[in-house]
Amino acid sequence: MERNYHTHTPRCNHAFNTEREFVEGAIEAGMKVLGFSDHSPYIFDGDYYSTFRMRPEMVEDYVTSILRLKEEYKRDIEIHVGLEMEYYPKYFERLCRFLEDFPLEYALLGQHCMENEIGAHYSGTYTEDFGLLQMFVDQMIEAFSVGKWLYVAHPDILNYPYNRPEYRTEMRRLCVAAKERGIPLEINLLGLKTRRSYPNRPFWETAAEVGNEVVLGVDAHKVEWLVMPEIEEEAMGWVRELGLKMAPDFELGVGRHIGLR
Ligand SMILES: [Zn+2]
Ligand SMILES: [Zn+2]
């Protein structure tokens, strides 16, 4: 894989290598572009803290350390700095204002929880509740219209029985809205590798019918995941069999794919 925009760092408490190790691993693997998109902080009300994301006070060190590596390795690889973030309506604007002070280039929309996270459904937890499926799709469509996104990470993260007809109907709404906004969708290689409920075939058949643009994302929490040729080949097999359209290379710039629309 030459380009990966989905890479984490230990600031989210569940990634195992430093940004330098990821950069050196990517160069060794012959990659051309490495984008960091660690789990964004969120500034919640009260003293709630979610453990799978960096704290707001870590953003400065996150950005500066990646920019330092970008300069240090500029002859070997193109490095970019972004974040993976949820869209939580109650807190999104506050977060965007906070992030304005940092030279971030992009955001991936990765909706790990619904509503505003606190007390809400975790997207990866199995559910047969059709109301949750609808709510997930509604929230994603609202996210497309409120925020600027480079692409949607694991758009099929909501763990609902994906062979049911209503799954396709709902996911078609998501795919159509993403297409209208020109936001590509990610086939998540970590999910494929660990046989999660995503990426799932019915979702990608729907995306193929709608004609969405597609990106492969490693979702690297360990440096060795940057090189997974069988998994990458499996994902490319889906792309070929379903006739999915790969997104063109991204043009990045500070603030261009992050913040409020
Ligand atoms: Zn994610
Ligand atoms: Zn991720």
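**Note on the zinc pair and the cysteines**

1. The zinc ion (ligand 2) lies 3.3 Å from the zinc ion (ligand 1), and E84 coordinates both. This is a predicted model, in which local features need pLDDT of at least 70, side-chain atom pairs count only at pLDDT 80 or more, and totals for chains, interfaces and linings use all residues. Residues are numbered from 1 along each chain as its sequence is written, chains are lettered from A and ligands numbered from 1 in the order written, and side-chain values use heavy atoms, without hydrogens and water.

2. The zinc ion (ligand 2) has the protein donors H6 (NE2), H8 (NE2), E84 (OE) and D219 (OD), at 2.0 to 2.3 Å. Donors are N, O and S atoms within 2.8 Å of the metal (3.2 Å for Na, K and Ca); water is not among the atoms, so sites may look incomplete. Along the sequence, the spacing of these residues is H-x1-H-x75-E-x134-D.

3. The angles among the four donor atoms of the zinc ion (ligand 2) run from 82 to 170°, and the site is irregular. Four donors are tetrahedral if all angles lie between 85 and 135 degrees; four are square planar and six octahedral if opposite donors are over 155 degrees apart and all others between 65 and 115; anything else is irregular.

4. H6 is buried at 0% relative accessible area, and H8 is buried at 0%. Buried means under 20% relative accessible area, exposed over 50%, and partly exposed in between (1.4 Å probe, protein chains only).

5. The whole structure has zero disulfides, a disulfide being a pair of cysteine sulfur atoms within 2.5 Å. For C96, the closest cysteine sulfur is that of C113, at 18 Å, too far for a bond. For C113, the closest is in C12, at 14 Å, also too far for a bond.
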